Amino acid sequence: MNIAIIDPDLSQTSQIEQALMLSNEQWQTSVTCESVSLEFMLNSQWLNEPFDCFIFNGIDLLSQVSLLKSVRRQSKTYVPMIVLTHTRAESEFVALLDAGADDCLCKPFRPRELSARVQSL
């Protein structure tokens, strides 16, 4: 499974990568994580990459909603998307899900839970 972790601050993605890699031995396929910039996503460069899942982290709500809609509109195949957010507001979760997110997790997230949610997609 090839997972793209989208975060404006690429130095913040190591915790997510670590959580997914620690659970890697439980998966039936190998897992690779790639940290990609917000610009990579906004410029649609992701269309040329074979990602199996996107994890969005550290992006404000309006940008997340816009980006989720854009990915859903442009993607030729269905790619699951998970959003990590600090919000606990139901209205924001609903906005993210309506925009195309498959799942949302509150931060700080539990590593095994994140891994299980990615695996279930």
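This is a short talk on the fold, the strand pairing, the cores and a few local features of one chain.

The model is a predicted one. I'll start with the overall picture. The chain has five helices and five strands. Going along the sequence, they follow the pattern β-α-β-α-β-α-β-α-β-α. On overall size, a compact globule of 121 residues would have a radius of gyration near 14 Å, and the chain has 13 Å, which agrees. Taken along the principal axes, the C-alpha atoms fill a box of roughly 35 × 35 × 25 Å. Of the 121 residues, 46% are buried. As for contacts with a separation of 6 or more, 64% of them are between residues 24 or more positions apart.

Next, strand E1, residues 2-6. How many of the residues of E1 are buried? Five of its five, so to put it in words, E1 is mostly covered. The burial applies to both faces: Asn 2, Ala 4 and Ile 6 are buried on one side, and Ile 3 and Ile 5 are buried on the other. E1 also pairs with two strands that I want to mention. With E2, residues 32-36, the pairing is parallel and runs over five bridges. With E3, the pairing is again in the parallel sense, over four bridges. Ile 3 can serve as the reference point here. Its bridge partner in E2 is Cys 33, and in E3 it stands opposite Cys 53.

Now the cores. As background, nonpolar side chains in soluble globular proteins tend to be buried together. In this chain, the largest nonpolar core has 24 residues. Which residues have the most contacts inside that core? They are Ile 6, Met 41, Phe 54, Phe 56 and Leu 68. At least two residues of this core come from each of E1, H2, E3, H3, E4, H4 and E5. H3 supplies the largest share, which is four residues. Apart from this core lies another, of 15 residues, and its members include Ile 5, Ile 16, Ile 82 and Leu 84.

Leu 68 can be followed a little further. With neighbours within four places in sequence left aside, Leu 68 is in contact with Phe 56, Met 81, Val 83, Leu 96, Ala 99, Gly 100 and Ala 101.

Two of those contacts, Leu 96 and Ala 99, take us to helix H4. The buried residues in H4 are Phe 93, Leu 96 and Ala 99. They cover an arc of only 130° around the axis, which puts them on the same side of H4. Those buried residues pack against H3, E4 and E5. On the face turned away from the buried side, H4 carries the exposed residues Glu 90, Ser 91 and Asp 98. After H4 comes Gly 100, with a positive phi near 130°.

Helix H5, residues 111-120, can be read in a similar way. Its buried residues are Leu 114, Ser 115 and Val 118. Why do they line one face of the helix? Seen down the axis of H5, they fall within an arc of 100°, so they line one face. What covers them includes strands E1, E3, E4 and E5, along with helix H1. On the other side of H5, Arg 112 and Ser 120 are exposed.

Between E5 and H5 there is a loop, and Pro 108 lies in it. The peptide bond joining Lys 107 and Pro 108 is cis, with omega about 0°. For context, most peptide bonds are trans, and most residues other than glycine have a negative phi.

The last item is Ser 75, in the loop between H3 and E4. Is Ser 75 buried or exposed? Its relative accessibility is 18%, and the cut-off for buried is under 20%, so Ser 75 counts as buried. The side chain of Ser 75 reaches the backbone oxygen of Thr 77 at 2.3 Å. Leaving aside neighbours within four places in sequence, Ser 75 is in contact with Trp 46 and Leu 47.

To recap, E1 pairs in the parallel sense with E2 and with E3. H3 gives the largest share of the largest nonpolar core. The buried residues of H5 line one face of that helix, and those of H4 lie on the same side of theirs. That's the end of the talk.

Terms used: Residues are numbered from 1 along each chain as its sequence is written. This is a predicted model: local features need pLDDT of at least 70, side-chain atom pairs count only at pLDDT 80 or more; totals for chains, interfaces and linings use all residues. Side-chain values use heavy atoms; hydrogens and water are left out. Buried means under 20% relative accessible area, exposed over 50%, partly exposed in between (1.4 Å probe, protein chains only). The arc is that of the directions from the helix axis to the C-beta atoms. Contact means heavy atoms within 4.5 Å. Two strands pair if DSSP finds at least two bridges between them. A nonpolar core is a set of buried Ala, Val, Leu, Ile, Met, Phe, Trp, Tyr and Cys residues joined through side-chain atoms within 4.5 Å. A polar contact is a pair of N or O atoms within 3.5 Å; within protein, one must be able to donate a hydrogen and the other to accept it, and residues adjacent in sequence count only if both atoms are side-chain atoms. The radius of gyration is taken over C-alpha atoms; the globule rule is 2.2 Å times the number of residues to the power 0.38.
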